[in-house]
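User: Please take a close look at one part of this model, a loop and the elements that follow on from it. I would like one connected account of how that part is built and what lies around it.

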Amino acid sequence: MVPLCDVFARLDFWKAKVRNMKVELRKWTLEEKESLIEMCNAVDRSYLSDRLPNPYTNESAEWWLNMVKETEGIKGVFREIVINGKIIGTISVEQKEDVYRKDGEIGYYLLQEEYSKGIMTEAVKQICEIAFQELDIIRITGLVYDINIASKRVLEKNGFTLEGVMKNAVIKNENIFDLCIYGKQR
C-alpha cells in the first residue's frame, strides 16, 4: 500500500507540471490529417462512442476534417489539444438541433500517456468558454459512462452538475453501462 503522503506528493508534482505546461486548443485544419489518423488509431476507445471509425482511415479523417471546416463556429467548436507543439487529443462542443438547439454536447479524448496530468480539466474549461462565446447555446451537456470516474471528475471540476443517470443505457464491447448526464449552464 502506498502511503498517503506519497500520493499527495505525486498529485502536487503533476499539478506543478501542468501549471508549467501550456494547454493549447487550436482549430483543426486539413494539414493535420496524418496526426488525426495516428491519434485516432492509438486512442483508448473504452469509453468512446462507436461512431469513431476503427480503423481510422484517410477517408475517415478527410470526411471529419471537411465537416469541421464547414460547421466550425456555426454548429460546433472543434479543437485539437496541443502540448509542446504535439497534438495529444481532441475536444468539441456540437450544438444540438430542433427543440434541443440551445444545448451543445461536449466530447473529448486524450492519448493515454497524457492521462492524469490535469490536461483535460484545462481543455474542458477552455472549450466551454469558447462554445458559450461562439455558439447560440445556453447550456452544455456531457454524457459519461458511469464507470468512467476520471471523465466525471473532469466535468465536475469545471462546474458541470450530475443531472441524472440513465440505467443500462449504453452497450460497449458487449458490456452494459449506466449513462450519467452532466450539465453546465451559461
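Analyst:
**From the loop to the sheet and the core**

P55 is found in the loop between α2 and α3. The model is a predicted one, and in it the peptide bond leading from N54 into P55 is cis, with omega near 5°. Most peptide bonds are trans, and most residues other than glycine have a negative phi.

After this loop comes helix α3, residues 58–71. Its 14 residues reach 20 Å from the first C-alpha to the last, close to the 20 Å expected at 1.5 Å a residue. The buried residues of the helix are S60, A61, W64, L65, M67, V68 and T71. Seen down the axis of α3, these buried residues fall within an arc of 155°, so they line one face of the helix. E59, W63, K69 and E70, on the other side of α3, are exposed. The two tryptophans therefore differ in setting, because buried means under 20% relative accessible area and exposed over 50%: W64 is on the list of buried residues, whereas W63 is exposed. Among the elements that cover the buried residues of α3 are α2 (33–42), β2 and β3. Just after the helix, G73 takes a positive phi of about 80°.

Of the covering elements, strand β2 takes up residues 76–83. Eight of its eight residues are buried, so the strand counts as mostly covered. In a regular strand the side chains alternate between the two faces of the sheet. In β2, G76, F78, E80 and V82 point one way, V77, R79, I81 and I83 point the other way, and all are buried. The buried set thus includes the charged residues E80 and R79, one from each side, because both lie under the 20% limit.

β2 has a partner in β1 and another in β3. Strand β1 (residues 24–27) runs antiparallel to β2 and is joined to it by four bridges, with L25 standing opposite I81. β3 also pairs with β2 in the antiparallel sense, here over eight bridges, and I87 in β3 is the bridge partner of V82. β2 and β3 form a hairpin with two residues between them, and N84 in the turn has a positive phi of about 50°.

I87 also leads back to the loop between β1 and α2, where E32 lies. E32 and I87 are 55 residues apart along the chain, yet 8.9 Å separates their C-alpha atoms. Apart from its neighbours within four places in sequence, E32 is in contact with R26, K27, E80 and I87. E32 is buried, with a relative accessible area of 16%.

Further along, β3 covers residues 86–95 and includes Q95. The side chain of Q95 reaches the backbone oxygen of D136 at 3.1 Å. Setting aside neighbours within four places in sequence, the contacts of Q95 are I74, K75, G76, R101, D103, G104, L135, D136 and I137. Several of these names come up again for V93, which touches K75, G76, V77, G104, E105, I106, I127, A131, L135, I137 and I140, not counting residues up to four places away in sequence.

V93 also belongs to the largest nonpolar core, which has 30 residues. V93 is listed there with I81, I91, I106, M120, V124 and I140 as the members that touch the most others. At least two residues of this core come from each of β2, β3, β4 (103–110), α4 (119–134), β5 (139–145), α5 (149–157) and β7 (175–185). The largest share, nine residues, comes from α4. Apart from this core lies another, of 19 residues, among them I37, L65, V68 and F78. L65 and V68 are on the buried list of α3, and F78 is one of the buried residues of β2.

To place this part in the whole: the protein has five helices and seven strands, which follow the pattern α-β-α-α-β-β-β-α-β-α-β-β along the sequence. Of its 186 residues, 45% count as buried. Among contacts with a separation of 6 or more, 62% are between residues 24 or more positions apart.

Key:
Residues numbered from 1 in each chain as written. Predicted model: local features only at pLDDT ≥ 70, side-chain atom pairs only at ≥ 80, totals over all residues. Heavy atoms only, no water. Polar contact = N/O pair within 3.5 Å; in protein donor to acceptor, adjacent residues only side chain to side chain. Contact = heavy atoms within 4.5 Å. Buried < 20%, exposed > 50% of the residue type's maximum accessible area, 1.4 Å probe, protein only. Pairing = 2+ DSSP bridges. Core = buried A, V, L, I, M, F, W, Y, C linked by side-chain atoms within 4.5 Å. Expected span 1.5 Å × (residues − 1). Arc of directions from axis to C-beta.
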